[in-house]
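Here are some questions and answers for someone meeting this structure for the first time. Please keep the sequence and the model in view while reading.

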Amino acid sequence: MDQNSNRRWVYILTFAAILLLYAMRIAGLQLGTTPYEQMAINNALNKVTLYPGRSVLFDRNGRILVRNTPAYDLKVFPKKMGSADSVLICQILGLDSADFAQRTLLAWINSKKRQRNNSYDRSAVFFSNLSPEQYAIIRENLYRLKAYYVEPKTDRLYNFNGSAHAFGYLGEVSEEMLESDPYYQPGDLVGITGIEKYYENQIRGIKGVKTVWQDRTYVEQGTVKNESFNKPAIAGPDVQLSLDMALQLLADSLMAGKRGSIVAIEPKTGEVLAFYNSPHYNPNLLVGQQRTEEFRKLLIDPKKPLYNRAVKGVYPPGSTVKPILALIGLQEGILTPETRHSCAGGYHMGSITVGCHPHPSPLALAQSIQISCNAYYCQLFRDIIDAPKYGNVREGYAILESYWRRFGLGSPTGIDLLGESGGNIPSVAQLDRRHGERWRSSMIISLGIGQGEILLTPIQLANLAAIIANRGYYYTPHLVKQIEGYSDTAWDRRFRTAHYTGIEPRHFVPVIQGMEMVTQVGGTARGAALDSVVVCAKTGTAQNPHGKDHSLFIAFAPKDDPQIAIAVIVENAGFGATYAAPIASLLMERYLHPERDTKKPYMKENMFNARLETP
Amino acid sequence: MPFKQSIENRLDPIALLAYIGLVLIGFINIYSASAGVDQEWLSLSTVARKQLVFIASAGLLALFIAYANVRLMDYFAYGFYGLAIALNIAVLFLGKEVAGAKSWFGYGGFGIQPSEFAKVATALALSKFLGTYGVRFKGWKNVTIALLLFLLPMGLILLQNDTGSALVFTAFFFMLYREGLPGFILISAVWLGFLAIIKIYLESLGVSYWYEYGILAGLASLFIYFTRSNKNLVRLTLMILVVSLVYSATIGWFYNQILQQYQRDRIELVLQLKEDRLGVGFNLEQSKIAIGAGEFSGRGFMEGTQTKMGFVPEQHTDFIFCTIGEEWGLLGVLVFFFIYGSLLMRLVFLSERQTTTAARVMGYSAASIFFVHFAINVGMTIGIVPVIGIPLPFISAGGSSLWAFTLLLFLFLRMDQKRM
């Protein structure tokens, strides 16, 4: 042994010190608070979204209206983008460098955003809705496009033209929706209007997820076996609409060359049988890559094809509200079926004259409806609001207004579409503003014949017809009949609750009798009668400051067991019986006798060929 | 007594067990790190299959040494050394470049790294030289020869641009301490390293060096004041101060001129003076994530995504330790540390019981080399040491290193077996 033997301890202590130091450092890494394991998992997992098919929409007879078609988004791992594949992708997609730079920036931002949401998905949409040609070329070149992959999703295919305002359309999810609902990812397609929007949460289905291992270069290394990481996509449930496609198609051809709106309701249920606007747009334009461009075109189209008249258009109802006024008078005891008022070519009171067409005078209630006597309803309007039992005209009018509101007027009906207008029923306050606080019945007399501040939407008009058909109540009109798996939910119950107007059924007898006489000899719309059933109807001609009068018509049939209530508005078409009545009549005939040809081919031919719209 | 030589001891069982244990740990982790995600059990990747061949051949090598005549080592020591030097020169001209270093002879898919064998040859040569009758690590001549014996291969390897392997030769400095290298040289080395780190910090932070010089001078003045009666100590302190100041003033230049940018980056990364989320910093971060993800009991055999998915670089060679950390957790790390530490301690113990200087030098050389490799390699994966690409003995995949470390260990164990 030499004298340096003790130096062994320097070695032993050095070895021990390093081992201890390292062990402590490693223990610090492994037992510390930094979530290294989560970081490791985030590194190696990628969540691939599995897109569900949206609900298939059927009509009330089971015909497929709206279905799905495959669509593809090009996604990118921004970190992995290189110059070679950038050039190639610009070539394939026809992008210029500015567009490319913008998309790249957006992808970076979105992929960062995803990471913050604790998602494993570090990729982002680079180009959504590839065209079939682009998709084909990209598939061939995918091995060269290392940073990119294609994610399948679904887009819409619409089988029927002419119902776009009911269906709505899809569009890319907005920034606000992304913020408010974590379900969505950039590039997702969501309902923007119509049923697609209203029932978005039901129709969209439930996205699935496939979690895959991927290595440092983002190459997939297999699916994670753990079940909790994988979830299949669940397609949206089948949705049956209450619409009858046969009616929609017939409406489309009858309304050719005309502007207006048609709404038909099944009175017993509130189900909307027909929902049609003219002009409208082809929903298949708002699909796929051309969506944005086509939407821009529709938006600036002077004909306003995107405008949903049936729920947003407001019209003075004209004579179509006369039966309602009669019902209110009867219920309040101010009018009896035998009450007669005379008419000398109109209603004259001081300086005011409301014109009327020539007819026998005086008339009882039923005839007043049949002939649509203005004088009768001006008198009735004044009788109601000036009735001594109310004390003064303001109180009297308030009673009338509350009745109108119980008929679903002045506020949205609650149909399953967003953006519905409530029309207008002037309140006492509104009349105060208009006429000063000391107004009298004579100053607002035009309300009695459906002119003035009173404005209704087509859906409200149709609902009026349904209320009369039901003798006093209605169900909230709705376009969706049922959604698989959603019966007896709050949604469902809302449409199965009857709303009563407070008018006793007995008062409907003389009014309906008058409406029946409208389609009989001496009525304003004899042509609307059907051979097989009794049609009850009321015409209307709404004065329009912008041009020719609007032609209005409400009806229901058959009289004793109403199956369909309908409102037709043809803008600038003049007298109600000229266009609106025949169109309604043909639609009711089709609905009540789906199996037979029309008995009024001449009328159908006339309507097909009438072109009112100035080109 | 002539009979004494013929007493056959056993090959030390503790060291042998540790060796087998480490090679086994190595293979398990190489198997896992190189396997694909959905790889079938017992099907071998190319890397793992190769490693099996290396292990088998290393076993044959060990057996050969165990039965070879111990005198052969003594006889061929210088010849082996000469051959190693020749090969390390030849590789400069004939070698192929791998990752910037020209340190490999390649034959098809197989490669030989002569620098690995230079370690063994240097250890043998030093062992022979210092074991020569009448030679001690004393006097200018002997010290110079001893130093040259390992500085020569170290220089050649530096020329190959393999800084990591060259750095390992400092292990011989450490070994020489046992043979009489003054302790203050080791302390000075630590002191100079410390000063260099201070300098790098100051430079990066843009702080004036005069603070450092002032503090050094102040400390020295205080020390001199309290020891002013001892003239020798005062002189020594002054000398240290002057050397430190000169060193501090010039090291910056060396740091910037001699080291390459990537080396400076790696150093500054460890000193946390730099952030680098994409390059080496990314690798280091991934390495730490891998080890940290193991937590207490590990993510499980074949479950380490960090290594398997390639987030950790060189996951079956230089960064193999990450697999141990990730898949076996702190428990696995401690088991590995225990076995590796046992081997190191055992080698010191065995060296001390040698009767010849030659055997002792061989033992301490082996222990020092294994230690330096461990300290650099593991330290690198956990961010304590700059990233330097050298293997973890017995664990990392690769033939040259396994054979070299096996040789190193078994040559000494054979000496120990035949000790007198």
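Q: In β8(A), which residue is the bridge partner of A:K47?
A: The model shown here is predicted, and in it β1(A) pairs with strand β8 of chain A, residues 208-214, in the antiparallel sense over six bridges. Within β8(A), the residue that serves as bridge partner of A:K47 is A:T211.

Q: Which strands of chain A stand at the edges of the open sheet, each with a single partner strand?
A: The sheet is open and antiparallel in its pairing, and its three strands come in the order β1-β8-β9. From one strand to the next the twist averages 40°. Because each edge strand has a single partner, one side of each is left without a neighbour in the sheet, and the strands in that position are β1 (45-50) and β9 (220-223).

Q: Which helix of chain A gives the most residues to the largest nonpolar core?
A: The largest nonpolar core has 137 residues, and those with the most contacts inside it are A:A264, A:A465, A:A555, A:I566 and A:L587. The helix of chain A that gives the most to this core, with nine residues, spans residues 458-469 and is α18.

Q: Between which domains of chain A does this core lie, and why?
A: The core of 137 residues is the largest nonpolar one. Residues are given to this core by both of the domains in question, so it lies between domain 2 (46-241) and domain 3 (245-609).

Q: Leaving aside neighbours within four places in sequence, which residues are in contact with A:I566?
A: A:I566 is among the residues with the most contacts inside the largest nonpolar core. Once its neighbours within four places in sequence are left aside, the residues in contact with A:I566 are A:A264, A:A462, A:A465, A:I554, A:A555, A:A584, A:L587 and A:M588.

Q: How many residues has the other core, which lies apart from this one?
A: This other core includes B:I30, B:L284, B:F374 and B:F412. One of these, B:L284, is also listed among the buried residues of α12(B). The number of residues in this other core is 119.

Q: How many of the 14 residues of α12(B) are buried?
A: Helix α12 of chain B covers residues 280-293 and reaches 20 Å from its first C-alpha to its last, close to the 20 Å expected at 1.5 Å a residue. The buried residues include B:N283, B:L284, B:Q286 and B:A293. The helix is mostly covered, and the count of buried residues is ten.

Q: Against which helices of chain A do the buried residues of α12(B) pack?
A: Within chain B, the buried residues of α12(B) pack against α11 (261-270), α13 (305-308), α14 (320-352) and α15 (357-381). In chain A, the helices they pack against are α1 (8-31) and α2 (36-44).

Q: Does B:G281 count as buried or partly exposed, and why?
A: B:G281 is found in helix α12 of chain B, and its C-alpha atom is separated by 9.1 Å from that of B:V270, eleven residues apart along the chain. A residue needs 20 or more other C-beta atoms within 10 Å to be buried. Because B:G281 has 17 C-beta neighbours inside 10 Å, it counts as partly exposed.

Q: What percentage of the 420 residues of chain B count as buried?
A: The secondary structure of chain B comes to 16 helices and three strands. Of the 420 residues in this chain, the share that count as buried is 42%.

Technical notes:
Residues numbered from 1 in each chain as written. Chains lettered and ligands numbered in written order. Predicted model: local features only at pLDDT ≥ 70, side-chain atom pairs only at ≥ 80, totals over all residues. Core = buried A, V, L, I, M, F, W, Y, C linked by C-beta atoms within 7 Å. Buried ≥ 20, exposed ≤ 12 C-beta atoms within 10 Å, placed from the backbone. Helix = DSSP H or I, 4+ residues; strand = E, 2+ residues; numbered from the N terminus. Domains from an automatic or database assignment. Contact = placed C-beta atoms within 7 Å. Pairing = 2+ DSSP bridges. Axes fitted to C-alpha atoms, helices over the stretch in contact; angles between N-to-C directions. Expected span 1.5 Å × (residues − 1).
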